[in-house]
Amino acid sequence: MGMCRKSKKYNVHLRTKLLTAIPRSRSSLYYVTESVTKVSGALNKELDLRIQSSTFQLQTFAKTCSQSCIMEPIRIPPPDDPGMRLKIYLFLVLGCLSVVPFVMWMGTKYTRTRFQDAIISRNLFQALPSVPSVEISPTRVATGARNSTVFVDDSVAIETLSKLKIFCWITTMEKEINNKIPAVNETWARRCDKRMFVMTTSKKYPGKEIVNLGIKDGRQHLTEKSIASLKHIYKHHLDKYDWFLKADDDTFVVMENLKFLLSHYDPTEGVYVGHLFKKYTKWGYMSGGAGYVISRQALRLLVEQGYNTKNTCAKSGKDEDVEVASCLHNVGVPVHNTLDRFGRESFHAFSAGDHIMGSLPKAMQEWDRHETKKGKECCSQLTISFHYVDPKQMRTLEFLLYRTSVYGRKSEPRFFHNFFQIGVVPSLPLPTTTIRKPGAEKQAGKHAKKG
């Protein structure tokens, strides 16, 4: 306000000027600011008290100014305006009305946000199977469909499956058309890139992928049936696939593990793998029941230099796996290793229960090229095949391998670097006798195909 002069005339003039200079709007704003903090019931009493005290404050104004010389700001309550109270009430009501929608809007937004979060969480949980890195069907490549009830990341397996092409030919009989064949088709065989069932029949079975080569059923005709199958595959499928798997209708194959093993070999070279027995030749032969695999080049040599020539390979015989092995040896295709780094077999000539429980024939070690192991170390972690698997066991294995998991357990691909003992198996000294008795494999444990 500035310095005050010590004259009565000036003090009276200054008092009058102050009264007229203070805007009513400022007094009203002050009043509203102070009154909002009070309860509604004390509003009238507070206004009356402040109006009564205003006269006393004006009377002491000049005295205060003369003593301090520096005039302090004085808050003067609003004059007693009859319409002021109504204006204040209206202001408060309008303020409350403006706050209520805001509160309701905030509440609605919060509720909507929580609801949306719940929906997003639910949808995210439901959508997990369709995320590319979370796979739901281990057989989606083969079936073309995804199963939204199984949570498993099989991206590495899918990548491995896509690199190699395997043709599967399965020997069977017509009486198994509604028994073993459906079980094979519903389980492991659907992961083959192409499959073919070889049987003798006079009927047609559309969609069953059955080939009738005109060879009689029976164990004594297995060699002829296998040779005819190999020639048929050579003629129609040689250049379309990398590898060719022979299996029985009671063989179960884990295709992902087989393809991982084969990824270490070159299909343009002669390769022959399976469960190796040591009988009859210095290289031995692969069990037909456990399944054996030959490369594209091996099939080419087998047909062109073996079965299409004279006096190179036998054209008949009871033990087809032995005769095929002998022909492969004659055309220069070596035996390759399928053991893992711990010396465990990956192809198995008997069922999983037989190997795990140790109920193998006593003469098994006399036939196995490698050490016969039983119990928990019987089989490789990346096991490829089992034999003597009936339809019930086949579907059980399929379920346990592809539809169940152990929470918290995960096998990283890096764990299996150099997992298999890749390479050619060296030959053994020739046995003291190479005379093969009919059904010798059956005597050792019935590992040869019956029928």
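**Exercises on salt bridges in a predicted model**

R344 counts as buried, with a relative accessibility of 9%. The structure is a predicted model, and the exercises below concern its charged side chains.

**Exercise 1.** Determine which residue forms a salt bridge with R344, and whether that partner is buried or exposed.

*Solution.* Step 1: the partner of R344 is D340, and the closest N and O atoms are 2.8 Å apart. Step 2: this distance of 2.8 Å is tested against the cut-off of within 4 Å, and the pair is a salt bridge. Step 3: D340 has 0% relative accessibility and therefore counts as buried, because buried means under 20%.

**Exercise 2.** Explain why the salt bridge between E398 and R190 ties together parts that are apart in sequence.

*Solution.* Step 1: the side chains of E398 and R190 meet at 3.1 Å, N to O. Step 2: E398 belongs to helix α15 (residues 391–402), whereas R190 is in the loop between α8 (180–186) and β2 (194–199), so the pair joins parts 208 residues apart in sequence. Step 3: E398 is buried at a relative accessible area of 9%, while R190 is partly exposed at 26%.

**Exercise 3.** Locate R191 and E256, and name the network of salt bridges that contains them.

*Solution.* Step 1: R191 and E256 form a salt bridge whose closest N and O atoms are 3.8 Å apart. Step 2: R191 lies in the loop between α8 and β2, and E256 in helix α10 (residues 255–262), so parts 65 residues apart in sequence are tied together. Step 3: R191 is buried, at 4%, and E256 is buried, at 12%. Step 4: the network links R190, R191, E256 and E398.

Definitions and conventions. Residues are numbered from 1 along each chain as its sequence is written. This is a predicted model: local features need pLDDT of at least 70, side-chain atom pairs count only at pLDDT 80 or more; totals for chains, interfaces and linings use all residues. Side-chain values use heavy atoms; hydrogens and water are left out. Helices (H or I, at least four residues) and strands (E, at least two) are DSSP runs, numbered from the N terminus. Buried means under 20% relative accessible area, exposed over 50%, partly exposed in between (1.4 Å probe, protein chains only).
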